[in-house]
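These are my notebook entries on backbone geometry and helix packing. I set down what I looked up, one topic at a time.

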Amino acid sequence: MQLDIGNALDSVATPGVSTDALDRLDDAVADAHETIAAGMSNARFGYASLNLPETTSAAGIERAVDSIDADAVLTVGIGGSALGAKTITAALGEANHFLLDNVDPEATNRLLDALDFESTAINVVSKSGTTAETLANFLVVRDAYEAAGVDWTERTVVTTGESGPLAELAAEEELPKLAVPDGVPGRFSALSAVGLVAPAILGYDIEAVLDGGREARDSLTESIDDCPAYAYGALAVALERRGVHTNAFMPYAEALEPFAEWFAQLWAESLGKDGQGQTPARALGATDQHSQLQLYRAGRHDTMVTLVRPTARDDREIPAVDVEGLAYLGDATLGDLLDAEFEATEASLAAADKPSIRVELDRVDEHGIGDLLVSFEAACIMAGELMGVETFTQPAVEWGKNAARGLLGGEETAEAAAVRDKREYR
Ligand code: PA5
């Protein structure tokens with residue numbers, strides 16, 4: 001991953017970061033890098049995520065799914081247990097990876113009505129093994145396969161912790177079961193079985209995804225001058241301190257649209273703490289140039305835009321046509337047009353004094369997505385260190401999960417009691 005921070009500096013943007021401030025930031029980054037590196041070598045909770053490119057066995061995952069013969073995969077999971085897998089397969093252009101994360105019955109009915117059960121594997125993922133949405137969806141999916149006379153046990157892989165209701169269900173049916181590695185929070189687990197089972201079933205080169213992750217991990221050095229991942233995290237924090245409370249993440253590649261969703265989870269759930277944290281906004285270039293860009297350019301001075309693109313991609317020529325005013329298109333490709341749109345957005349933001357950061361990767365392929373995932377995880381961990389927040393916990397998310405379970409008649413929880421109290425005052 002390469003970074004261009006020129007449009008986030010105070011010569012271009014208001015609020016931007018001065019070169020003096022960058023030097024001070026570099027010292028803080030060096031200290032934080034020491035903490036991160038020590039956390040990685042001791043495999044401490046959260047920091048261990050950055051070791052996944054080394055500790056995940058692609059061969060182990062491939063062995064576990066070897067008996068599954070499928071053309072499509074239905075992933076049942078939510079949040080960190082779903083977005084990594086979706087991000088990876090979408091980056092690789094896969095159309096046959098379906099996701100059941102939400103529990104909207106209408107959407108579920110539509111999806112199950114359209115699914116070819118015979119050729120679709122079920123990939124159930126829950127680190128805790130207790131998440132109500134995932135467990136409910138799994139029971140619904142099993143039932144739908146049974147109703148169609150298709151043996152779901154032959155097509156199901158479970159990734160979960162050592163114990164819990166999902167582990168019990170897997171043991172009961174003797175399903176292949178993979179572990180969520182120790183010390184890795186859900187949203188940092190894309191480069192483990194959590195994110196790699198689906199692409200492995202679909203035949204992608206998951207070792208190449210890990211390779212990309214290794215390259216990102218090996219590029220973590222103590223200075224923002226040589227470490228794009230840390231530079232991104234540090235710049236985002238410096239901008240937030242200057243009032244940049246929104247981070248609009250705008251890839252110029254359809255295949256990276258789910259990456260923006262994954263980024264939004266990572267940034268919000270990891271850094272939204274102690275009254276701090278940028279609000280991530282999801283955008284897609286060039287589509288959202290025709291809508292959201294108006295706000296990012298001419299709205300409040302509280303937004304940075306992260307512009308992401310591959311430097312190489314498959315392309316398509318625009319056919320020439322003999323119409324006045326369209327000649328310029330005839331000499332171009334769709335890729336040329338997309339690049340021109342990218343540069344126009346960047347320049348338009350700079351002209352309005354709005355900060356942006358340019359992120360480039362060589363190609364959106366297995367290696368590229370592995371690199372991006374680990375680079376942004378490292379960026380987020382660096383940001384968390386500089387902000388002094390607990391990057392790897394998510395108490396507000398757990399609050400909602402505990403409340404939902406209690407309200408549905410599971411074990412009584414303080415959170416469910418709080419919701420009932422609130423209902424009484426309505
Ligand atoms: O990042 C997180 O911790 C969350 O988004 C979880 O991944 C999500 O709540 C799902 O949890 P689980 O994997 O326990 O089902």
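**Entry 1: positive phi outside glycine.** I began with Glu174, which I located in the loop between helix H7 (165-172) and strand E6 (177-179). The model is a predicted one. I read a phi near 50° for Glu174, a positive value in a residue other than glycine. I recalled that most residues other than glycine have a negative phi. Is Glu174 buried or exposed? I counted 8 other C-beta atoms within 10 Å of Glu174, so I entered this residue as exposed.

I then turned to Ala43, where phi is likewise positive, near 50°, and the residue is again not a glycine. I placed Ala43 in the loop between H1 and helix H2 (52-55). Because Ala43 has 16 C-beta neighbours inside 10 Å, I entered it as partly exposed.

**Entry 2: cis peptide bonds.** I noted for reference that most peptide bonds are trans. I found a cis bond between Thr14 and Pro15, with omega about 0°. Pro15 sits in the loop between strand E1 (2-4) and helix H1 (19-41). I found another cis bond joining Gly285 and Ala286, where omega is about 0°. I traced Ala286 to the loop that runs between strand E8 (279-282) and helix H12 (293-298).

**Entry 3: helix H10.** I looked up the span of H10 (residues 228-241), a helix of 14 residues. From first C-alpha to last it reaches 20 Å, close to the 20 Å expected at 1.5 Å a residue. How many of the residues of H10 are buried? I recorded 13 of the 14, so H10 is largely enclosed by the rest of the structure. Just after H10, I noted a positive phi of about 95° at Gly243.

**Entry 4: packing of H9 and H15.** I kept in mind that two packed helices are described by the angle between their axes and the distance between the axes. For H9 (residues 206-218) and H15 (residues 366-387), I recorded an angle of about 40° and axes 6 Å apart. The two helices, H9 and H15, are therefore oblique to each other. I entered their crossing as right-handed. On the H9 side, the residues making the contact include Ala208, Val209, Leu210 and Asp211. On the H15 side, they include Ile369, Leu373, Val374 and Ala378. How do the residues of the contact of H9 with H15 divide, and what are the counts? I listed eight nonpolar, six polar and five charged.

Definitions and conventions: Residues are numbered from 1 along each chain as its sequence is written. This is a predicted model: local features need pLDDT of at least 70, side-chain atom pairs count only at pLDDT 80 or more; totals for chains, interfaces and linings use all residues. Axes are lines fitted to C-alpha atoms, for helices over the stretch in contact, and angles run from 0 to 180 degrees between N-to-C directions. Helices (H or I, at least four residues) and strands (E, at least two) are DSSP runs, numbered from the N terminus. Angles under 35 degrees count as roughly parallel, over 145 as roughly antiparallel, 65 to 115 as roughly perpendicular and the rest as oblique. A crossing is left-handed if the near helix is turned anticlockwise from the far one by less than a right angle, and right-handed if clockwise. Two residues are in contact if their C-beta atoms, placed from the backbone, lie within 7 Å. Ala, Val, Leu, Ile, Met, Phe, Trp, Tyr, Cys and Pro count as nonpolar, Asp, Glu, Lys and Arg as charged, and the others, Gly among them, as polar. The expected span of a helix is 1.5 Å times one less than its number of residues. A residue is buried if 20 or more other C-beta atoms lie within 10 Å of its own, exposed if 12 or fewer, and partly exposed in between; C-beta atoms are placed from the backbone.
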